[in-house]
Amino acid sequence: MTIGVLCLQGAFAEHEARLQELGAQAVELRSAEDLQQPMDGLILPGGESTTMGKLLRDLDMLQPIQEKIRSGMPVFGTCAGLLLLAEQIENDSRRHLATMSITASRNAYGRQLGSFFTRQSFAGNGEIPMTFIRAPYITQVGDGVEVLAVVDGKIVAARQGNQLVTAFHPELNPDTTVHAYFLQMVSHSMQAEGRN
């Protein structure tokens with residue numbers, strides 16, 4: 001199983017480490033040409049969403065990634081990656097990939113709570129460590145969106161079909177629950193396409 005990891009900014013190396021621990025291969029995506037590599041899924045890491053969105057446009061990567069997601073390729077966005085996938089961002093007029101039926105709020109926890117750590121239940125898999133860094137959260141979900149985790153009444157993880165988002169950074173902790181969940185999504189997608 002090969003997962004493309006967007007490597008324009010942010011904690012992409014940590015995502016690669018989690019994938020390798022679970023036996024998946026990571027390929028780094030830094031240019032439009034890199035998107036031609038065979039891959040079974042895609043990770044959009046944290047970072048700064050407006051910068052990442054601009055880079056995706058400048059490097060002609062936005063539309064090809066959008067097309068891959070719309071054609072069913074599993075994608076996992078963390079923090080800024082969540083904002084890239086959101087159809088609506090409450091406090092930002094910009095839209096990026098906009099493939100997931102969620103509304104998000106940028107830097108929603110504010111500076112005083114810019115970073116914090118907690119443990120909460122994720123997708124019925126028990127409590128996992130969650131590290132938030134100037135994180136967004138989801139304020140609304142559309143049809144077909146499943147809420148996977150809530151912290152202090154705020155939605156911090158959700159899934160819609162082959163799209164998975166977390167407001168927190170699971171790659172910054174040794175726990176691999178979220179990455180394993182994503183790889184299971186990828187595996188099911190491959191089986192549905194007749195690829196094992």
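**Exercise 1.** Determine whether H15 is buried or exposed, and describe its surroundings.

*Solution.* Step 1: the relative accessibility of H15 is 0%. Buried means under 20% relative accessible area, exposed over 50%, and partly exposed in between, with a 1.4 Å probe and protein chains only. H15 therefore counts as buried.

The model is predicted: local features need pLDDT of at least 70, side-chain atom pairs count only at pLDDT 80 or more, and totals for chains, interfaces and linings use all residues. Residues are numbered from 1 along each chain as its sequence is written, and side-chain values use heavy atoms, with hydrogens and water left out.

Step 2: H15 sits in helix α1, residues 12-21. Helices (H or I, at least four residues) and strands (E, at least two) are DSSP runs, numbered from the N terminus.

Step 3: list the contacts, where contact means heavy atoms within 4.5 Å. Not counting residues up to four places away in sequence, H15 touches V5, I43, P45, F76, T78, E171 and H179.

Step 4: look for a polar partner. The side chains of H15 and E171 are joined by a polar contact of 3.4 Å. A polar contact is a pair of N or O atoms within 3.5 Å; within protein, one must be able to donate a hydrogen and the other to accept it, and residues adjacent in sequence count only if both atoms are side-chain atoms.

Step 5: compare sequence and space. H15 and L44 are 29 residues apart in sequence, and their C-alpha atoms are 9.4 Å apart.

**Exercise 2.** Describe the placement of E28 and find which side chain makes a polar contact with the side chain of E28.

*Solution.* Step 1: E28 belongs to strand β2, residues 25-29. Step 2: with a relative accessible area of 30%, E28 is partly exposed. Step 3: leaving aside neighbours within four places in sequence, E28 is in contact with V5, C7, F12, E16, D34 and Q37. Step 4: the polar partner is the side chain of R30, at 2.7 Å. Step 5: I3 is 25 residues from E28 along the chain, with a C-alpha separation of 8.7 Å.

**Exercise 3.** Work through T103, A104 and S105, and state for each which residues it touches.

*Solution.* Step 1: T103 lies in strand β6, residues 100-105; A104 lies in β6, as does S105.

Step 2: take the relative accessible areas. T103 is buried at 13%, A104 is buried at 0%, and S105 is buried at 11%.

Step 3: list the contacts, setting aside residues up to four places away in sequence.

- T103 touches Q88, E90, Y137, I138, T139 and Q140.
- A104 touches L82, L83, A86, Q88, I89, E90, Y137, I138 and T139.
- S105 is in contact with E90, N91, P136, Y137 and T139.

Step 4: check one long-range pair. A104 and A167 are 63 residues apart in sequence, with 9.5 Å between their C-alpha atoms.

**Exercise 4.** Locate A123 and D152, and give the sign of phi for each.

*Solution.* Step 1: recall the background. Most residues other than glycine have a negative phi.

Step 2: A123 is not a glycine, yet has a positive phi of about 50 degrees. A123 is in the loop between β7 (115-121) and β8 (127-133), and is partly exposed at 26% relative accessibility.

Step 3: D152, not a glycine either, has a positive phi of about 50 degrees. D152 is in the loop between β10 (146-151) and β11 (154-160), and is exposed with a relative accessible area of 68%.

**Exercise 5.** Characterise the chain as a whole: how many helices and strands does the chain have, and how compact is the chain?

*Solution.* Step 1: the secondary structure comprises 5 helices and 12 strands.

Step 2: the radius of gyration is 15 Å, close to the 16 Å from the globule rule for 196 residues, so the chain is as compact as a globular protein of that length. The radius is taken over C-alpha atoms, and the rule is 2.2 Å times the number of residues to the power 0.38.

Step 3: the C-alpha trace spans about 40 × 35 × 30 Å along its principal axes.

Step 4: buried residues make up 54% of the 196 residues.

Step 5: among contacts between residues at least 6 apart in sequence, 63% join residues at least 24 apart.
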